[in-house]
Amino acid sequence: MSDLIDAVRQGADGRTLAACPLPEAYRAIHLRRQDERLFDGESERDVRRTLHLGDVPMPEIAPDEVLVAVMASAVNYNTVWSAMYHPISGFRFLQQFGRQGGWAARHDRDYQVIGSDAAGVVVRVGSAVRHWTPGDHVVVNPPYIDEQDPAAQQDGMLTNSMLAWGFEINFGAFGEFCVVRASQLLRKPAHLSWAEAACNTLCLGTAYRMLISDRGARIKMGDIVLVWGAAGGLGAYAVQLVRQAGGMAVGTVSSPDKVELLERLGCHLVVDRNEVGMHEGAAGSSSSWKALGSIIRRRLGEDPHVAFEHVGQATFDTSVNVIRRGGAVVTCGSSSGYQHHYDNRYLWMKLKRVIGSHGANIQEAWEANRLLNLGLVVPTLSTVYRFEETPEATRSVQLNQHEGKVGLLVLADDDEQGIEDRDLRERVGEDRLRLFREHAGAKVPTA
Ligand SMILES: NC(=O)c1ccc[n+]([C@@H]2O[C@H](COP(=O)([O-])OP(=O)(O)OC[C@H]3O[C@@H](n4cnc5c(N)ncnc54)[C@H](OP(=O)(O)O)[C@@H]3O)[C@@H](O)[C@H]2O)c1
């Protein structure tokens with residue numbers, strides 16, 4: 001282990017960290033270009049086969065970049081896409097990015113360190129970095145945005161060159177170190193442990209933009225929002241945002257044991273999708289959406305204003321149908337298939353809208369992070385794995401065996417380490433902060 005990692009683990013100050021030499025290599029969970037065709041002709045794409053743990057060389061940082069020692073990370077669904085090499089191989093993104101030349105060329109390697117959520121300690125800053133110094137405790141917003149693109153003045157997510165860090169580019173969160181642009185950083189909430197802080201930014205920011213931001217559905221007090229996968233990565237933040245905005249969340253789940261969890265999180269109504277014929281592999285049908293619609297109408301008296309979509313093919317037509325006249329489907333993904341079929345008459349005749357959304361610009365991510373700092377939103381960390389167990393952790397998400405967020409301890413020793421403000425933590429409430437872990441109960445395999 002390097003002196004720098006020792007110093008980070010001991011909580012050394014910024015000056016000490018800056019004086020420690022950088023190791024030439026670091027441990028990382030990475031994908032290999034040679035595995036690109038591994039799953040060809042196979043029906044099962046088991047992510048454990050492509051996620052490798054090993055040393056990778058330390059990259060040089062660009063003037064506007066920061067090197068962060070990663071204390072904890074979390075699995076996102078994009079980790080699953082990356083490790084399946086599906087629908088396309090991430091090495092295609094790296095190649096395309098590398099062609100830009102200059103600093104981008106560093107990213108096109110025969111390995112990719114993936115991972116798009118991290119909490120850690122700044123250990124180096126580039127010569128053009130202004131707001132961060134070694135020793136700062138940070139979390140990372142994944143969009144890698146070129147601030148010199150004019151569109152960034154309006155909305156970084158509209159820049160043509162926007163790329164998802166640890167998915168479309170290299171040096172992501174699944175390593176002892178990661179490389180990010182300074183403009184991706186946010187202060188780590190002081191009342192959270194490293195693992196609790198690492199699991200929020202991608203999913204919470206995405207849900208914030210979809211529901212609250214001017215670019216999303218802009219929900220208001222009293223709005224009824226149908227949240228698919230309400231106990232999942234995105235959904236459990238969506239439920240909290242709806243609740244805090246004064247709306248009413250209707251959450252869907254696939255097992256009865258998630259119902260109580262979601263009621264405690266703030267759902268007004270939880271529907272087991274199996275009970276309306278929307279079990280795994282089922283294609284949406286008119287009987288399903290009518291059954292779901294009638295449950296919502298019976299229990300809440302009205303149809304939803306908004307459907308929070310990320311499931312895609314299996315649910316999209318239900319979302320379009322079940323929302324009220326003038327309502328909106330806001331979508332950021334298509335886990336079950338990206339070719340959606342729905343009857344467009346129900347959209348235009350009832351003046352409904354579909355809103356495409358992706359990630360969160362840094363200002364939206366900052367607003368979402370502020371909600372964590374205020375204790376209005378809490379992390380949904382359910383299960384915490386050791387770094388070496390990343391393939392198993394990712395597999396659990398691939399098989400939909402998880403709830404909320406699945407955390408990874410990288411340099412942190414356990415899921416308690418990193419809490420700085422105990423008073424704030426007490427005010428927010430340990431029971432809320434540990435809700436998903438308590439629910440996961442004996443399943444928590446901490447280090
Ligand atoms: N564009 C972006 O910026 C962005 C950001 C984050 C995520 N995403 C995408 O959004 C998707 C979801 O991400 P996530 O992190 O929330 O994943 P996740 O943690 O796996 O949660 C997804 C949830 O969807 C539910 N689900 C699965 N299959 C379903 C089906 N056939 N019908 C209805 N519900 C189903 C599951 O809940 P139940 O089984 O309990 O129903 C599951 O908890 C992924 O495709 C991801 O790539 C996009």
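**Exercises on a predicted model**

In this predicted model, Asn 400 is partly exposed, because 13 other C-beta atoms lie within 10 Å.

**Exercise 1.** Determine where Asn 400 is found and what sign its phi has.

*Solution.* Begin with the location: Asn 400 is in the loop between helix H13 (390-398) and strand E18 (405-409). Next, take the backbone angle: phi of Asn 400 is near 55 degrees, which is positive although the residue is not glycine.

**Exercise 2.** Classify Leu 351 as buried or exposed.

*Solution.* First, locate Leu 351 in the loop between helix H11 (345-348) and strand E16 (353-356). Then count neighbours: 9 other C-beta atoms lie within 10 Å of Leu 351. The cut-off for an exposed residue is 12 or fewer, so Leu 351 is exposed. Its phi, about 50 degrees, is positive, and Leu 351 is not a glycine.

**Exercise 3.** Establish how the buried residues of helix H4 are arranged about its axis.

*Solution.* Identify the residues: in H4 (residues 90-98), Gly 90, Phe 91, Phe 93 and Leu 94 are buried. Viewed down the axis of H4, these buried residues fall within an arc of 150 degrees and therefore line one face of the helix. Their cover includes strand E1 (25-32), helix H3 (77-84) and strand E4 (111-113). In the loop between H3 and H4 lies Pro 87, joined to His 86 by a cis peptide bond with omega about 0 degrees.

**Exercise 4.** Assess the compactness of the protein from its radius of gyration.

*Solution.* The protein contains 16 helices and 18 strands. Its radius of gyration is 21 Å, close to the 22 Å given by the globule rule for 447 residues; the protein is therefore as compact as a globular protein of that length.

Methods. Residues numbered from 1 in each chain as written. Predicted model: local features only at pLDDT ≥ 70, side-chain atom pairs only at ≥ 80, totals over all residues. Helix = DSSP H or I, 4+ residues; strand = E, 2+ residues; numbered from the N terminus. Rg over C-alpha atoms; globule rule 2.2 N^0.38 Å. Buried ≥ 20, exposed ≤ 12 C-beta atoms within 10 Å, placed from the backbone. Arc of directions from axis to C-beta. Contact = placed C-beta atoms within 7 Å.
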